[in-house]
Structures are given as structure tokens and as C-alpha cells.
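Me: I would like to go through the labels attached to this model and check each one against its cut-off. Please take them in turn.

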Amino acid sequence: MVLTQSRGESGLQYLSESKEAPQSRSPNQELLPLTASVNSSDRLEIGGCEVTALVEKFGSPLYILDEETLRATSSQYRDAFERYYPGESQVLYASKAWSCLAVCAIAASEGLGIDVVSAGEIRTALQAGVSFDKIYFHGNNKSREELKLSVESGCTIVADNWHDLETLADFGKLGVSSKTGGPIRVMVRFTPGIECHTHDYIKTGQIDSKFGFDPNSLDRVFQFISEQPSLYCVGVHAHIGSQIFELQPHDDLAFVIIGALTKAQSYGLSATEINIGGGLGIRYTKTDDPPSIEDWARTVCTAVVAACDRHKLPLPKLLCEPGRSLVGTACVTAYTVGSKKVIPGVRTYLSVDGGMSDNPRPITYQSVYQVLAAEKMSAPLTETVTIAGKHCESGDILIKDAKLPECQAGDILVVTATGAYNYSMSSNYNRVPRPAAVLVRKGEAHTILERETDEDLLRFDRLPERLRTQK
Ligand code: LLP
């Protein structure tokens, strides 16, 4: 295709500017999936599939997940930890970012374990074929049933508080035992007291947090575990937050975590694992500039090795659990344009057939996304429009002041970097069914999540008899 203007004036600007081969780019630094390209009809393709053709076949809105990008992020994390950490390491996928069978199965096939936070996520991981010994169960309020399921399935439990520890100790007395026949594997999560620059809602490392033990209680915690024959403390965990662009907080965290591990060992616990959480940010807009997966992994590994040196500690098994940076830029959401409202001198609203129900991040965190017109990739961006969702809420705005070519009803828009915390936080607000999701690879597309129907939404409704007769 002959380009008649600079990329900066058209949708082409969202394609990668990197000269490197797709496999060696860090997908969290890209706006579009690694396989994104524009075909001779000026249309966007992902995974060798034309986006408009996907919408025609699978409907709209549509989550489009690029398998190659997800495999690239997974293998980059895995390989970087193997390269930079001389000890044993294990990358876990924080499945809260997008928990479904296909995503868990791909992560597992790349050698990743899974971090889960509910019975639903545990069952999804197990059914996706993830081995129980690579499943770590988190949460600040796990129910007794969830704890029982995770123990009996053989998962490792990340103890967040006394309630967890007391319930697990109780299991020991009641004879609830691990699938492995051995003691229950427990990791201790604490708040490391490290602040980072991100949205307040997604900070977790500060002392005033609902997650994890207060670091001042760790002596009592380790003492307690050392007195429970049914519990086996495998190590310590801390997570400082999400969508972080700085490397320094993770450097600091390594030292704090190794200090906590040393403390655990001083109580006679044979704790030999540390988990430094997730948190690496991704590029949602052109101005976002996150570090690469490789740089993040190198920072973490180097810091852990240095901290072990200082504490004269043998290298523990090193775990991390990224979510957003594994799956975020692997997915885009395609929408169809409906109504257009022009308020002269004020604003033009372009409404699409989804919104806060399939992507609650703009309304929740004021997150900013990028949008492009899938059928006119090289057309000049002549209009400034606000992309509104279809929900009955003024705040249901996906993107303010987006630059697009002139668009009308029926056009397909693509919002980028929607793989993390979109489907997983979606809702049925206004009784709108959730979109389908397709997995694309080498020109083939497979449904990984069926589109919900109106009947699905009524499935759990019950109408008491006395209301049925009301007119
Ligand atoms: N580990 C723990 C214990 C976590 O709480 C989280 C995220 C992760 C790992 C993964 O962090 P990531 O690599 O994805 O940053 N809904 C928010 C994000 C909430 C993050 C919750 N915890 C959002 O849409 O931005």
C-alpha cells in the first residue's frame, strides 16, 4: 500500500514503530497485538484475521485475543527469569486479569503457573489443565469452602490474615488434608510498606491496605505456623500494586521480602520461596512508557540476588505473578458505531454497542484508551469525537476526544489493549449480554467465550407464584 501521509495523521500510527522482529518486542510496550497489520483494503488484521470479517462472523462487540502475543509475553517472562536468575523460578499468571479456560490453558502450555483468588478461578485453572502444584490461592476473605477446595486440590494457599491461618490449622485438626497427603502448603503475604505511583484503587503495598499481614505481626505469624504440624510454610509473598512504570519499587521490594524470608527461617520454618507479585504496567496510550518485560525481570532477579548476598542466604525459589502485562495488549475490542450526536461548538458523541459493561476501567479508574477505525486505517484523522457506551449512565464514556477519520453508523471501531481487567470485570449492567471472545492465530479464529444471550440473563430469575397473577 502506498502511504500518502505520515503515520501520525492516521490509524497507522498505532502499529508498532519498532524495527525489531515481533518475537523480540516487548508486547507491553506496544499499543496493538504483535500480529497487527493493515491489508490491501486498508483494514486492520489481527492474527491474520480481518477485524471486520471477524465482527461479521462472530458479532459485535467482540473481544479479539491474539494468541501469538499472549505466548510472546508468557515466554518472555519465563525466559527472562531463567536467564537472569541463577536459582529456580516460576512465573504465575494472575488470572484475575482474564480468567477463562483458553487463556489459562495457553499460559500453562508456556510453562506458567496460575494465581487465583476464588473457587471460580481455581476451578477454571484446574479445568484448563493447570497442574495443582502450580496454583497459588490468594484473597483477603477466602471462604471456608474455598479454602477446603484449594487444600483438597493440592494448591498452595497464600495466607493473607489470621482468619486464613486459623481455618487452615482447624482443617489440620479436622483431618481435611492436602491431595498430596503432606501438610498444607502455605505462603505468608504481608504488606511491604512500599508506595508506588499508580491509581489509589490499585495500590496494595502501603501499610494501610486490606491485603496481607501487617509486617509487625510477622513474628507471631511465623511462631504460630511453626507450632502447627499440619501447615508447611513454603515462603513469603508481597505485591505492591498494578500498572507501575517505575522499576525502583520492585528493587526495594526484593530486599524487604528477603528480610521477611530470613525471619521465617529464624523460626525454624524451611521456607524457601518468595513471590514478588505482579504490577508491570502496559502501554494504553502513545504517551505511556512502561519498561520492557525483560528489564522488569532483570531488575527483580538482580535485586533478589543482591539481597540474598547481603543476608548470606541461599537463593530461594523466585516466583512472580504478572497479569496485566501478560494479557493486556494481546486483546482488542471491536465495536460497531450507532448513533452520532453533534452538539455544535461543544462535542460530538459517537455511540457504540458496548461500553462500561464490557470495559468498566474508564468509569472506574478514569483509564484512557486508544481507538481506531478498523476499515480506514490510513484515512486522515479529521474528527475529534467522544466514544460513548450504550449504557444509561452519563459517565459511560469509553474515550474522550478521540481522533478518528469521519465515521458513521455501521463503522467498526477498535479499542486497543483491552485484554486485562475488561472481560474479568465486565457486568450485565442494563441487562446487556457480555460480548463473545475469539482467539486468533495465523488466519484462524475460534470462539473462546460464547456471546451471552438475553435468555442467559434471565436464567437465574425466579418469579414467585403470587407475582405471576399480577396484571
Ligand atoms: N498479584 C496480586 C496479589 C494482585 O493483587 C495482582 C493484581 C496481581 C498479582 C497482578 O497484577 P498486575 O500484573 O495485573 O498488575 N482492576 C484493576 C487492577 C487490579 C489489580 C489487582 N491485583 C485495573 O483494572 O487496573
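Reply: Start with burial: a residue counts as buried when its relative accessible area is under 20%. The model is a predicted one.

Me: Why is strand β4 called largely enclosed?

Reply: In β4, residues 62-66, five of the five residues are buried, so the strand is largely enclosed by the rest of the structure. Burial holds on both faces: Leu62, Ile64 and Asp66 lie on one side, Tyr63 and Leu65 on the other.

Me: What makes β4 and β13 a pair?

Reply: Two strands pair if at least two bridges are found between them. β4 and β13 (residues 331-343) have four bridges, in the antiparallel sense. The criterion is therefore met. Isoleucine 64 stands opposite valine 332 of β13.

Me: How do you know that β4 also pairs with β19?

Reply: By the bridge count again: five bridges join β4 to β19 (residues 436-441), and the two run parallel. With at least two bridges needed, β4 and β19 therefore count as paired. Leucine 65 of β4 has leucine 439 as its bridge partner in β19.

Me: Why is asparagine 359 called buried?

Reply: Its relative accessibility is 1%. The cut-off is under 20%, so asparagine 359 counts as buried. This residue is in the loop between β14 (347-352) and α11 (361-365).

Me: What makes the link between asparagine 359 and asparagine 422 a polar contact?

Reply: The pair of N or O atoms must lie within 3.5 Å, and within protein one must be able to donate a hydrogen and the other to accept it. The side chains of asparagine 359 and asparagine 422 are joined at 3.2 Å, so the distance condition is satisfied.

Me: Which residues are closest to the ligand, and how many surround the ligand?

Reply: The ligand is surrounded by 20 residues, the closest being Ser242, Glu321, Arg361, Tyr365 and Tyr421. By class, six of the shell residues are nonpolar, eight polar and six charged. Domain 1 (20-67 + 328-457) and domain 2 (138-322) each supply at least three residues to the shell.

Me: What distances separate oxygen atoms of the ligand from serine 242 and glycine 279?

Reply: A polar side-chain atom of serine 242 is 2.3 Å from a ligand oxygen atom. For glycine 279 a backbone N or O atom is 2.9 Å from a ligand oxygen atom. The protein covers 92% of the 580 Å² of accessible area that the ligand has on its own.

Definitions and conventions:
Residues numbered from 1 in each chain as written. Predicted model: local features only at pLDDT ≥ 70, side-chain atom pairs only at ≥ 80, totals over all residues. Heavy atoms only, no water. Near = heavy atom within 4 Å. Areas by Shrake-Rupley, 256 points an atom, 1.4 Å probe, with all protein chains shown as cover. Nonpolar A, V, L, I, M, F, W, Y, C, P; charged D, E, K, R; others polar. Domains from an automatic or database assignment. Buried < 20%, exposed > 50% of the residue type's maximum accessible area, 1.4 Å probe, protein only.
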